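Visitor: Hi! I've just opened this one and could use a hand finding my way around. Can we go through it together?

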Amino acid sequence: MDGEISIFNPKLYQMNYLQCQRGFKTKERLAAMPYFLYVHKGKGTFIIGENQYSCEAGDLFFCPCGETNTIIADMDHPYLLSGVDFEFCENNPAFFPPFGYQEHINVRGNEPFLWLTMELIRRDCVVDKDYEEYKQSLFRAWLLLVARISDESKNPTIAEKAAAYLVANRNRSVSLTEMAEEFKYHPNYINRVFKKRYGITLLQFHLDLRMKDAMQLLSYTNYSIGEISELCGFEDMNYFSRIFKKKTAMSPLKYRNGWLKGERNSEMG
């Protein structure tokens with residue numbers, strides 16, 4: 001794949017960073033260029049042609065040139081998005097590389113992807129011709145990484161299957177015993193290969209998912225602390241509050257009040 005990507009000259013035109021408002025919705029758009037949509041935060045719907053997807057944080061979508069797409073943000077959890085406008089081969093919009101991209105993958109927890117994405121966003125915000133070559137080189141690396149992730153997701157590893165299971169069951173407690181029964185491996189083995197793949201344990205990964213959901217609910221909804229505790233799978237509100245404070249260095253109420261005042265909160269990376 002490394003050799004294949006060198007035969008064309010992709011060019012990034014824009015990688016934006018857009019906080020959508022409640023009820024945000026685009027008209028059906030015809031993609032004149034290939035287009036990626038990445039969901040940093042929030043929920044909603046993305047429609048590509050006749051396919052409709054429910055979106056969550058970490059989702060990455062690919063819409064090929066000539067296909068229609070529509071973005072619809074959730075009323076309670078509006079998106080923070082990045083749209084990526086580019087060409088695979090400069091001055092030849094019909095060109096397509098000899099390897100493919102899946103229409104939908106989830107890249108949650110992929111640190112190289114996150115670093116490249118945020119660095120491209122930073123460089124895209126400042127027009128500086130001295131960094132243009134650097135930015136385009138980064139984008140070439142970004143495309144290559146996404147192609148690899150897309151290819152690997154067709155045959156997910158045990159660690160990737162475990163991550164998908166935890167994402168799907170993020171609103172309740174999940175034990176190592178349950179994971180072992182689900183995947184027919186010893187829990188220590190699953191935990192070991194998972195940590196090697198993602199850098200943290202299964203339970204740390206799952207807890208981080210639930211804490212990030214709690215942050216979203218505290219920021220964008222009027223649910224009580226007790227209701228949010230239940231929605232995130234914690235039967236004991238006091239335990240939820242202790243875990244939340246340990247993760248964020250502030251209580252759920254202080255986090256919510258800080259958000260409402262417009263203060264920057266130190267969320268987990």
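Visitor: By class, which residues make up the lining of the largest cavity?

Guide: Good place to start, and keep in mind that this is a predicted model. The lining of the largest cavity has seven nonpolar and two polar residues, and no charged ones.

Visitor: Which residues are those, by name?

Guide: The lining consists of Phe36, Leu60, Phe61, Phe62, Tyr101, Gln102, Ile105, Val146 and Ser150. Two elements give two or more residues each, namely β7 (59-63) and α3. The one that gives the most is β7, with three residues.

Visitor: How much space lies in there?

Guide: About 30 Å³ lies in the largest cavity.

Visitor: And how many cavities of 30 Å³ or more does the structure hold?

Guide: Just one of 30 Å³ or more.

Visitor: Okay, pockets now. What volume does the second largest pocket have?

Guide: The second largest pocket comes to about 450 Å³. Four elements each give two or more residues to its lining: β10 (104-106), α3 (132-152), α4 (158-168) and α6 (187-198).

Visitor: Which of them gives the most?

Guide: That would be α4, which gives five residues to the lining of the second largest pocket.

Visitor: Which residues lie nearest the centre of that pocket?

Guide: There are 18 lining residues, and those nearest the centre are Asn106, Val107, Glu160, Ala164 and Tyr198.

Visitor: How does that lining divide into nonpolar, polar and charged?

Guide: Nine of the residues lining the second largest pocket are nonpolar, three are polar and six are charged.

Visitor: You mentioned α4 and α6. At what angle do they pack?

Guide: The angle between α4 and α6 is about 90 degrees, and their axes are 9 Å apart. That angle makes the two helices, α4 and α6, roughly perpendicular.

Visitor: Which residues make the contact?

Guide: On the α4 side you'll find Ile158, Ala159, Glu160, Ala162, Ala163 and Leu166. From α6 come Ile190, Val193, Phe194, Arg197 and Tyr198. Nine of the residues in this contact are nonpolar, two are charged and none is polar.

Visitor: What about α4 and α7, at what angle do they cross?

Guide: Helix α7 covers residues 202-220, and its axis crosses that of α4 at roughly 35 degrees, the two coming within 10 Å. The crossing of α4 and α7 is right-handed. Ala162, Ala163, Leu166 and Val167 of α4 make the contact with Leu202, Phe205, His206 and Leu209 of α7. In that contact, seven residues are nonpolar, one is polar and none is charged.

Visitor: Let's switch to α2 and α3. How far apart are their axes?

Guide: Helix α2 (residues 111-125) and α3 have axes 10 Å apart, and they pack at an angle of about 150 degrees.

Visitor: Why are α2 and α3 called roughly antiparallel?

Guide: It comes from the angle: α2 and α3 are at about 150 degrees, and angles over 145 count as roughly antiparallel. So α2 and α3 are roughly antiparallel to each other.

Visitor: Is their crossing left-handed or right-handed?

Guide: The crossing of α2 and α3 is left-handed.

Visitor: Which residues meet there?

Guide: Quite a list, so here is part of it: the α2 residues include Phe113, Trp115, Leu116 and Leu120, while Leu138, Phe139, Trp142 and Val146 are among those of α3. The residues of the contact between α2 and α3 divide into 13 nonpolar, one polar and four charged. You have met Val146 before, in the lining of the largest cavity.

How values were computed: Residues numbered from 1 in each chain as written. Predicted model: local features only at pLDDT ≥ 70, side-chain atom pairs only at ≥ 80, totals over all residues. Heavy atoms only, no water. 1 Å grid on protein atoms, 1.4 Å probe; cavity = no way out; pocket = protein on both sides within 12 Å on 5 of 7 lines; lining within 4 Å. Points joined across faces, edges and corners; volume = space filled by probe spheres on them. Nonpolar A, V, L, I, M, F, W, Y, C, P; charged D, E, K, R; others polar. Axes fitted to C-alpha atoms, helices over the stretch in contact; angles between N-to-C directions. Left-handed = near helix turned anticlockwise from the far one by under 90°. Contact = heavy atoms within 4.5 Å. Parallel < 35°, antiparallel > 145°, perpendicular 65-115°, else oblique.
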